[in-house]
Amino acid sequence: MERPLAHNPDRPRAIPGEWARHGGRGPWDAGYAAWTTLAVLAGMALALRAGDAISGWVRGVPRGVHLCTSVAEAEARTGLSLGQFGQGLPGYAFTTGGIRTTTSPVRAVAVQARAGQDQVTLLRSSDGEIPLVLRPPLPAFHEITIPLAAGRTATLRAARQADGSVWQDLEWPDGVGKIALRGNGRTVELIRLAKQVSEELR
Amino acid sequence: MGRRAAETIVHGIVAAFVVMVLLRVQRIHSPQDRIRFWLLAMGLPLAGTPLLWVLAPWRLDEGFRDGWALVSGSHLGANTGHVLGPLGALMALLVLAGTALFLRDAIPFVLEFITSRPAHQTSATPSKVLSAAADRAAVALGMETPRLSVLVSKHPILMCRGLRKPFIVVSTGLCEMLSPGELRASIAHEMSHAKHRDPVLGWALLVARGLCFFNPAVQLAARAAVLEIERRADQSAARMVGSTRDVVDSLRKISGAHGVSGHTAGGAKRMWQGFRMAAIEMRCQTLLRHEEASSANLPPWILPTTAIGLGVILFLTVA
C-alpha cells in the first residue's frame, strides 16, 4: 500500500512560499487560476503585438506598409503598374527604402525619388484614396485646380512644414483610384512630372 | 520551407514561454500536471502548426498579416531581400541550438540503449531482496510484478525498458552499492515508470524531438517533460517506501557513481557528468521541497483553456 505523505516523517513541517501565502486554503482557487491563465495569455498576445509594432517603429515602417526592394516587386505585390516610371522618374533617382506598398484596405504603391535637394514621391492607389500611411496628411494653406490634359484636371495643395519647407501635393483621379505626386521642388517641375505620369499611366 | 520551419520555432517559443509562466504563477508542482503542460508546449508546434497550414493557408496572405495577425514575419523585416538578414541569422542560430540540444540527448540515449541491452551482458538471478522490493512496489501500484533482468556488472545500471511489456534492468553493481532501503526506493522508482508505461512515452518524445530536431523550444519542452516524468517516479517511489530520504540517497549514490567514473574521462565527458549530477541534485531538492504539492489537484479546465488560448495566439502568429 502507498503510504500517505501526511504520515511521512521526512515531510517538511511547513513548505515556504506559495503554500504559506495561500493561508492554508490550498493552491487551487478557481478565480486565481482563471485570471492568471487569462492574464498570461493576454500578456503574451500583447507582447507579440508590441514586438510587431516596435519593429515597425524602429524601421520607420507603419503596420500594413511593406518595404519593397524594387519597383517590380511593388508592382507584383499590388498589381498596380507604374509604366516607364518603374525604371525611374526622369531626372530623379530612387531613394533607398523609398518603395512602399499597402495591400489592405487599399492596394497602393509609393515610390520616392530624389534629385539633389528636391524630393518627389509618386503614389498610386487601386481604388479610393491613397492610404495615409503612405502619404501622411499635410495641412494645406493653398488649394487650386489645374489642367493636366484635355478633360483632365488635378488638385494642387501646398503646405508649409515646421522647418519652413513647402511641400506640394498634386492629385488626380485614375479610374476608381488616385494618382498623386508629392514634392518639395518647384511647382512647374511637379506639374511637368504630373503631365508625363498622367500621359504614361492613362 | 524556411518560413515554415521559422513558424514552428516561433510557435514553440511562444507555447513554451506561456507554459513556463503558467506553471510558475499558478504554482503547479504536481509532475503529472506539469507533464501534460509540457506535452502541450511540445505538441502545439509539432502538430498544431502544420494543422494550421493545412486548414488555414490564407493566414499567409498579406490581408491577414496586416489586418489580423498579432505578429508577422513580414512586419519584422523578414523579407528584406537579403539572403541572411538579422532575423535569418537569429533563426539559423536557433536551428543550430535545437539541433545541438537534440544530438546532446539523442546520442547518449541511443548509445546507452545499445550498450545496456541485456542480451549483450551476462545475466544473474534476482536476489530475494530485489524480488521482494519489486513485489512490494507492484502491490503498492496495483500491477503485476514485471520481469527483473539482472546484469552482472560492476557499474550501477538501473532502468525500465520494454515498450509492450515493461521490465526492469538492474545490475549486480547497483545492488551492492545501495542499502536495502535505497534499493527498495530505486526499484519503486523504476516500477513507477513501468506502471505509467514511461518507456513508450520516452520513445514517443524522442521521435517527436527527432521530427522537430531544429526547434530548440520543442527540445527544451521535451527535456522538461522527461524531468517531470522522473519527478513523478521519484514522488511515487517516496510514497511507496514511505521515505523521501531513501529516494534522494539512492539518486545521489547512483549519480555520484556515474560521476566518479567520469573523472578518468575527458573534459567533455566530465562536463556532461557535471550537468547530469546537477540535474539529479535539482530533482533531489525538488523532491525534498515539494513532495506535498503533488497532492494538489489542478482544476480540469485549466489545460484545455490554455490549449485553446495558445491555439488562438499561434493562429495569429505568422512567420
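What follows is a conversation between a trainee and a mentor about a predicted model.

Trainee: Let's start with the sheet in chain A. What makes β4(A) and β8(A) a pair?

Mentor: Two strands count as paired once DSSP finds at least two bridges between them. Strand β4 (residues 118–125) of chain A and β8(A) have 5 bridges, in the antiparallel sense, so by that rule they pair. As one example, Arg124(A) stands opposite Ile179(A).

Trainee: And what joins β7(A) to β8(A)?

Mentor: Here there are 7 bridges, and strand β7 (residues 166–174) runs antiparallel to β8(A). Ile179(A) turns up again, as the bridge partner of Trp172(A). The two strands form a hairpin with 2 residues between them, and Gly175(A) in the turn has a positive phi of about 65°.

Trainee: Why is β8(A) described as largely enclosed by the rest of the structure?

Mentor: A residue is buried if 20 or more other C-beta atoms lie within 10 Å of its own. In strand β8 (residues 177–183) of chain A, 6 of the 7 residues are buried, so the strand is largely enclosed. For chain A as a whole, buried residues make up 28% of the 202 residues.

Trainee: Why are β1(A) and β5(A) called edge strands?

Mentor: Look at the order of the open sheet: β1-β2-β3-β4-β8-β7-β6-β5, with antiparallel pairing. β1 (65–67) and β5 (142–149) each pair on one side only, and that is what earns them the name. The twist averages 20° from one strand to the next.

Trainee: Which helices of chain A go with these strands?

Mentor: Helix α3 (residues 71–78) lies across β1, β2 and β3 of chain A, at about 10° to β2(A). Helix α4 (residues 187–200) packs on the sheet, touching β4, β5, β6 (152–160), β7 and β8 of chain A, and its direction makes about 45° with that of β5(A).

Trainee: Now the largest nonpolar core. How do you know that Ala221(B) touches Trp38(B)?

Mentor: Contact is a matter of distance: two C-beta atoms, placed from the backbone, must lie within 7 Å. Ala221(B) touches Trp38(B), and also Ala16(B), Ala41(B) and Met42(B), not counting residues up to four places away in sequence. So the C-beta atoms of each of these pairs lie within 7 Å. Of the 81 residues in this core, Ala221(B) is one of five that touch the most other members. Helix α9 (residues 216–241) of chain B gives the most to this core, with 14 residues. Apart from it lies another core, of 30 residues, including Phe85(A) and Leu123(A).

Note on methods. Residues are numbered from 1 along each chain as its sequence is written. Chains are lettered from A and ligands numbered from 1 in the order in which they are written. This is a predicted model: local features need pLDDT of at least 70, side-chain atom pairs count only at pLDDT 80 or more; totals for chains, interfaces and linings use all residues. A nonpolar core is a set of buried Ala, Val, Leu, Ile, Met, Phe, Trp, Tyr and Cys residues joined through C-beta atoms within 7 Å. A residue is buried if 20 or more other C-beta atoms lie within 10 Å of its own, exposed if 12 or fewer, and partly exposed in between; C-beta atoms are placed from the backbone. Helices (H or I, at least four residues) and strands (E, at least two) are DSSP runs, numbered from the N terminus. Axes are lines fitted to C-alpha atoms, for helices over the stretch in contact, and angles run from 0 to 180 degrees between N-to-C directions.
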